[in-house]
Amino acid sequence: MLTSKLEVLVDFGENPDQQILEKTLNELKSQDGVVEAVFKNGALMVETSLPSTNILNLVSNTSGKRAVLQGFGETQSAVCMISNQICCPSKVMGVIRFQQTAEGPMVADGSIDGLASGLHGLHVHDVGDLSQGCESIGDHYNPRGSPHGGPEDPEDHRHAGDLGNIVADETGRATFRIVDNVLKVWDIIGRSVAVTEQRDDLGQGSSPTSKIDGDSGKPIACGIIARSAGIFQNPKRICACDGVVVWDERDRPLAGKGRRVEKSCCKKEESGERRGRGAPLGPRAPARPGAVRRARLASAPPRRRAAPARWV
């Protein structure tokens, strides 16, 4: 059984309730697919073969606390934020994490929301270019020039980027954990991942596009693969770019409207700026002593200074 180690932050506070902590750890240890669960360095370390989303849901439901995935894997890791915000009116969003295991295979662990129920193809594409949305990410990553196939096919009978299908349930969520023997994390960083509108026939269909893309249709959501932190490699609890703390980040979009919530003080300052650009002002406060004189001096034309005396 190939496992991954997860670093799960739980909002226990400074002094965790020991009963809740023990209850959470015992529930984790009782699950098939969980090898180890311990509380270490202020976080839960879970070694498991289950999808990380399942572990997060279990921790949240058992403890009654918010939980987020802070680190994934002990070896080289990567992450991809999947979305279709650039191209489409419907919202498809998710996260896929990649881990290069010491045993050799790569793990792709993810959860994507907003899909139509059923099968959807998942592929690594050659280019990490989102300038035109999913139209500019290139073809499937295929360094060997092989025909399209499935993840169980040998290297010369599949694209390296062929990860098969993921399954969306009736709510539109696809949760998955894929173990692949061809891809390596260091080969895909900077490339992209896309999910397609239809199922992938794994190169076994009769359509002319079966050996090209599995007749899986156009990509409906995509993202760029970037390096990410493994377990206990990321001590950050607040994003320096926008001040969003780790507990709020999971409930907000990755960027754009709704990402950053303005404080009331900032709104007051903004309204004051707008008022200063032409809106009527309230009663003017009396000037402080000396303020009028300083204002007159500041507005008066500068005095001409006499030229310095010259020795002759």
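A salt bridge is taken here as a side-chain nitrogen of Lys or Arg within 4 Å of a carboxyl oxygen of Asp or Glu, and a search of the whole structure finds six of them. The model is predicted, so local features need pLDDT of at least 70 and side-chain atom pairs count only at pLDDT 80 or more, while totals for chains, interfaces and linings use all residues. Residues are numbered from 1 along each chain as its sequence is written, and side-chain values use heavy atoms, with hydrogens and water left out.

Three of the salt bridges are listed below, including their N to O distances.

| Pair | Distance, N to O |
|---|---|
| Arg-191 and Asp-126 | 3.0 Å |
| Glu-155 and Arg-144 | 2.9 Å |
| Arg-158 and Asp-180 | 2.9 Å |

Arg-158 lies in the loop between β9 and β10 and Asp-180 in strand β11 (strands being DSSP runs of E, at least two residues, and helices runs of H or I, at least four, numbered from the N terminus), so this pair ties together parts 22 residues apart in sequence. Arg-158 is buried, with a relative accessible area of 1%, and Asp-180 is likewise buried at 1%, where buried means under 20% relative accessible area, exposed over 50%, and partly exposed in between (1.4 Å probe, protein chains only).

By contrast, Arg-144 counts as exposed at 56%, and its partner Glu-155 is partly exposed at 36%.

Strand β11 (residues 174-180) also holds Val-179, which is partly exposed at 37%. Leaving aside neighbours within four places in sequence, Val-179 is in contact (heavy atoms within 4.5 Å) with Leu-2, Pro-105, Met-106 and Val-107.
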